[in-house]
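Work through the exercises below with the structure in view. Each task is followed by its solution.

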Amino acid sequence: MRVVLTIHGIGVFGGRGPWQAPIGRVLAPHFRCVTIKYSHYRWLGFFSAVLEPRIILLGLAILFVTRRWHGIPHLWTWIIGLFVISCIAAQFRHRKALSHLLTESSHELPLGFKPHVIAHSMGTKLLGTALKEYPQVRLGSVVLTGCVLPANYPWRHVRSTNPRAFERVRNEVASKDLVPLLARAGHRLGILRGYGNAGRVGFDAATNFVHTMGSPNKVCGQCAAAPPPAPIHNVTSAHGTHSSAFATSEFAAYYWLPFFWNIDPVEYSDFLELCLDANEHYENRNWPQLRVAEEELLHSEWRWAAGSTLESHIQLYLSKHPRGWANTSVVALVLQKMYVDIAAASKAYRDHGEDWQRKVAALHPVVAMIGAIDVILR
Ligand SMILES: [Zn+2]
């Protein structure tokens, strides 16, 4: 089972990823979730990303003990010196947190496996630094949210020096997020290094490499017009804030889950709704409406089905199955089993009843199709 790493931010007061558990429950039926925690910013949060508080305290203690605060020039020299030294020491804290992240993820990953990643806030900075500096870092699909990397982060350079560094990146851009704004200000003032506001304005557009979508509910027009798809997408939420993607777990279910399956989230929502409609008509014995929904499911072309119709895709799998054969009645039975299982998976997602994790697996269209074929051909 493929791994998803989740890497938290630090919060103003040093929070350590309260979102990781609920998002993990969404992903767990489909992926092995590995939660990376680090405590390097635990007590003073964002403040300790800028300054090393122990240096400040030590300096003030020395000042107090030696009573060397007589004379304003001397005092200012002391304070400025303390500030500079503590800024430098904060960089060492960042290096230690990065080293911890690399070690923890290395312990969890079998050799050769490329995990998917969800990183938030400071987690995006750690991930960006790891991708730039460590050639052994190899990732699958990456979700960045509340990103504090600079808009001109060198994605193309990372890809050219390490073609296996990442497969795809989805950058959740929240137009009302203040944290990337502060991070960029800190970078410009020289008290933070390598930070920026990509979580607020997106990564710089680049033809065939970085695209921007105006809403999570829109398909990328540039990729649709000129495939192959770009590896990096900024996905803008006009009213989003620093942690609004974690407000409810449905954000992960509707957008990140299909993204990790390499299915367009908008297409996935269309497919899911059609399946739920078909199941409702089936349960209500509304045969005319059921026929309409089944026709739309079967004869629409789906990118997750390699661009073919669901009917052709089921026939392909039937023809390759050890006990398979393709005819219209078998396809109809497989389709019916698919939408019934997908509707049951949708219900199990909410109810968490008996055997819910096995049922929820059918939310993946291909898993539902293969499961249905196995049952019908049994
Ligand atoms: Zn695109």
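**Exercise 1.** Which residues of α5 are buried?

Solution. This is a predicted model, in which local features need pLDDT of at least 70, side-chain atom pairs count only at pLDDT 80 or more, and totals for chains, interfaces and linings use all residues. Residues are numbered from 1 along each chain as its sequence is written. Helices (H or I, at least four residues) and strands (E, at least two) are DSSP runs, numbered from the N terminus. A residue is buried if 20 or more other C-beta atoms, placed from the backbone, lie within 10 Å of its own, exposed if 12 or fewer, and partly exposed in between. By this rule the buried residues of α5 are Met122, Gly123, Thr124, Lys125, Leu126, Leu127, Gly128, Ala130 and Leu131. That is nine of its twelve residues, and α5 is mostly covered.

**Exercise 2.** Check the span of α5.

Solution. The expected span is 1.5 Å times one less than the number of residues. For the twelve residues of α5 this gives 16 Å; the end C-alpha atoms are 17 Å apart, which agrees.

**Exercise 3.** Which strands stand at the edges of the sheet?

Solution. Strands pair if DSSP finds at least two bridges between them. Seven strands form an open, parallel sheet in the order β2-β1-β3-β4-β5-β7-β6. β2 (32-36) and β6 (210-213) each have a single partner strand, so they stand at the edges, one side of each left without a neighbour in the sheet. β2 pairs with β1 (residues 3-7) over five bridges.
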